[in-house]
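Colleague: Got a minute? I'd like to go through this one with you.

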Amino acid sequence: MKYVTIFGSSRGGDTNIHYKKAYEIATALAKAGYGVITGGAGGIMEAANRGAFEAGGGSIGYNVVLPHDSFP
């Protein structure tokens with residue numbers, strides 16, 4: 001499987017326009033046979049992972065330890 005990396009903010013929920021666009025793009029990529037790699041946090045990263053996963057595609061979310069933002 002080929003993968004596409006999607007970068008984006010961890011801010012913004014599922015009503016945010018950028019969240020919706022990331023979800024749509026990841027869904028289309030999954031349907032075209034691509035997997036998605038993003039960070040493991042919320043926002044754009046969540047949208048991309050969720051879009052790919054719900055479309056039946058591969059989805060990898062990496063998590064990094066940051067002092068104030070991200071928790072595994």
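Modeller: Sure, we'll take the helices and then the salt bridges. Keep in mind that this is a predicted model.

Colleague: Start with α1. How many residues does it have, and how far does it reach?

Modeller: Helix α1 covers residues 17-31, which makes 15 residues. From first C-alpha to last, α1 reaches 21 Å. That is close to the 21 Å expected at 1.5 Å a residue.

Colleague: Which residues of α1 are buried?

Modeller: Tyr19, Ala22, Ala26, Thr27, Leu29 and Ala30.

Colleague: And where do they sit around the helix axis?

Modeller: Look down the axis of α1. The buried residues fall within an arc of 165 degrees, so they line one face of the helix.

Colleague: What's on the face turned away from that buried side?

Modeller: Ile17 and Lys31 are there, and both are exposed.

Colleague: What covers the buried residues of α1?

Modeller: The cover includes two strands, β1 (2-5) and β2 (34-39). Helix α2 (43-54) is part of it too.

Colleague: Now the ends. What caps the N-terminal end of α1?

Modeller: Asn16 does. One of its side-chain oxygens lies 2.7 Å from the backbone nitrogen of His18.

Colleague: And which residue with a positive phi follows α1?

Modeller: Gly33. Its phi is near 95 degrees.

Colleague: Let's switch to α2. Is Ile44 buried or exposed?

Modeller: Ile44 lies in α2. Its relative accessible area is 12%, so Ile44 counts as buried. The cut-off for buried is under 20%.

Colleague: What does Ile44 touch, leaving out residues up to four places away in sequence?

Modeller: From α1, it touches Tyr19 and Ala22, two of the buried residues there. Ile44 also touches His18, the residue whose backbone nitrogen Asn16 reaches. The other contacts of Ile44 are Ile6, Phe7, Gly8 and Ser9.

Colleague: How far apart are Ile44 and Ala30 in space?

Modeller: They are 16 Å apart, C-alpha to C-alpha. In sequence, 14 residues separate them.

Colleague: What about Asn49, buried or exposed?

Modeller: Asn49 is in α2 as well. With a relative accessible area of 13%, Asn49 is buried.

Colleague: What does its side chain reach?

Modeller: The side chain of Asn49 reaches the backbone oxygen of Gly39, at 3.3 Å. Gly39 belongs to the stretch of β2.

Colleague: Which residues is Asn49 in contact with, beyond its neighbours within four places?

Modeller: Gly39 again, plus Val36 and Thr38. Then there are Ser59, Ile60 and Gly61.

Colleague: New topic. How many salt bridges does the structure hold?

Modeller: It holds 2. One joins the side chains of Glu24 and Lys21, at 3.9 Å from N to O. The other joins Arg50 and Glu54, whose closest N and O atoms are 3.1 Å apart.

Colleague: Where are Glu24 and Lys21 relative to each other?

Modeller: Both are in α1, 3 residues apart, so about one helical turn separates them.

Colleague: And Arg50 and Glu54?

Modeller: Those two are in α2, 4 residues apart. Again, that is about one helical turn.

Colleague: How accessible are these four?

Modeller: Glu24 is partly exposed, at 46%. Lys21 is partly exposed at 45%. Arg50 has a relative accessible area of 32%, so it counts as partly exposed. Glu54 is partly exposed too, at 46%.

Terms used: Residues numbered from 1 in each chain as written. Predicted model: local features only at pLDDT ≥ 70, side-chain atom pairs only at ≥ 80, totals over all residues. Heavy atoms only, no water. Expected span 1.5 Å × (residues − 1). Buried < 20%, exposed > 50% of the residue type's maximum accessible area, 1.4 Å probe, protein only. Arc of directions from axis to C-beta. Contact = heavy atoms within 4.5 Å. Polar contact = N/O pair within 3.5 Å; in protein donor to acceptor, adjacent residues only side chain to side chain. Salt bridge = Lys/Arg side-chain N within 4 Å of Asp/Glu carboxyl O.
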